[in-house]
Amino acid sequence: MRTLFRSFALLIALCLPVAAAQNDLIGAYRSIQASLETARTSLRPDPRRALAQVQAAENTFRRVGDQLSGTLSSGATSALKNAQLAVSRSSSADFGAQSGQIKAILERGMFETYFAVFANTAQAGRYAVALGQALKLSPATQADLSASTRSGNQTRARAILESAIAQIIGQALNSARDNTGNRAIAFAGISRAANHFLIVQDSPRVGEVSVASFSSAIESLAANDTPGFQQAVSSLSAQI
């Protein structure tokens, strides 16, 4: 667990802007998400099927990997390899962390592409819908995002998405903090928070949160330092 998230911290620290991607990034995201979900549900009863699904996700990613920055593409490639290792070990926790990171990297790609093509209302509209679905925005919030896209209000659109992601991070941190007695749930919570932080790490709306803060929390959990983990998570929550 400790090694896994040192790699995650390095990915965030070196994260570069995403190159403008083509529309098939949306289709690839949906296909990869479906493959990873099938792999998750097959992990224990049918590991061969789970492995085949991760490999299918890997093949799909190869078609769009060059549309992301080198660092993000490399990070997703590594996470896909690590997801296969998690399947071979039947580790649901590690698989969840890796698949979450893969999805977050692709969501970061769509997030950056959305704003890169914002002047193209039709194209930006597709990304607005895709991001809304990925982040599970409420119908009202999705409508607000779509309206902001059509009107060309990039500031409002960014605020909607970053606020939604900050809320996801906060909820994940709460889950991690409230379930310190169950390391699997706590790990899932801090992983989800860290993965979504990747998407908005450059935004002032996430406060003073840093990569080091997530690393500290993960290190404490890996070391079975419950008080240290609770303190680190509480500090993160206070800054979101």
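Student: Why are helix 2 and helix 3 described as roughly antiparallel to each other?

Tutor: This is a predicted model, and the answer rests on an angle. Angles over 145 degrees count as roughly antiparallel. Here the axes of helix 2 (residues 24-42) and helix 3 (residues 47-62) cross at roughly 165°, so the two helices are roughly antiparallel. Their axes come within 8 Å.

Student: What is the handedness of the crossing where helix 2 passes helix 3?

Tutor: The crossing of helix 2 with helix 3 is left-handed.

Student: Which residues in helix 2 meet which in helix 3?

Tutor: From helix 2, the residues are Ala28, Ser31, Ile32, Ser35, Leu36, Thr38, Ala39 and Ser42. They meet Pro47, Arg49, Ala50, Gln53, Val54, Ala56, Ala57, Thr60 and Phe61 in helix 3. By type, this contact of helix 2 with helix 3 has 10 nonpolar, 6 polar and 1 charged residues.

Student: Now the pockets. What volume does the largest pocket have?

Tutor: Its volume is about 740 Å³. A pocket is then read through the residues that line it. In this model 28 residues line the largest pocket, and those closest to its centre are Gly96, Ser99, Gly100, Lys103 and Arg192.

Student: Which elements give two or more residues to that lining?

Tutor: Helix 2, helix 5 (92-116) and helix 9 (183-200) do. Helix 5 gives the largest share, 10 residues. Helix 2 therefore appears in both parts of this talk: it is roughly antiparallel to helix 3, and it contributes to the lining of the largest pocket.

Student: How do the residues of the lining divide by type?

Tutor: The lining of the largest pocket has 13 nonpolar, 8 polar and 7 charged residues.

Technical notes: Residues are numbered from 1 along each chain as its sequence is written. This is a predicted model: local features need pLDDT of at least 70, side-chain atom pairs count only at pLDDT 80 or more; totals for chains, interfaces and linings use all residues. Side-chain values use heavy atoms; hydrogens and water are left out. Axes are lines fitted to C-alpha atoms, for helices over the stretch in contact, and angles run from 0 to 180 degrees between N-to-C directions. Helices (H or I, at least four residues) and strands (E, at least two) are DSSP runs, numbered from the N terminus. Angles under 35 degrees count as roughly parallel, over 145 as roughly antiparallel, 65 to 115 as roughly perpendicular and the rest as oblique. A crossing is left-handed if the near helix is turned anticlockwise from the far one by less than a right angle, and right-handed if clockwise. Contact means heavy atoms within 4.5 Å. Ala, Val, Leu, Ile, Met, Phe, Trp, Tyr, Cys and Pro count as nonpolar, Asp, Glu, Lys and Arg as charged, and the others, Gly among them, as polar. On a 1 Å grid over the protein atoms alone, a cavity is a set of points where a 1.4 Å probe fits but cannot get out, and a pocket is an open set with protein on both sides within 12 Å along at least five of seven lines; lining residues have an atom within 4 Å of a point. Grid points are joined across faces, edges and corners, and a volume is the space filled by probe spheres set on the points.
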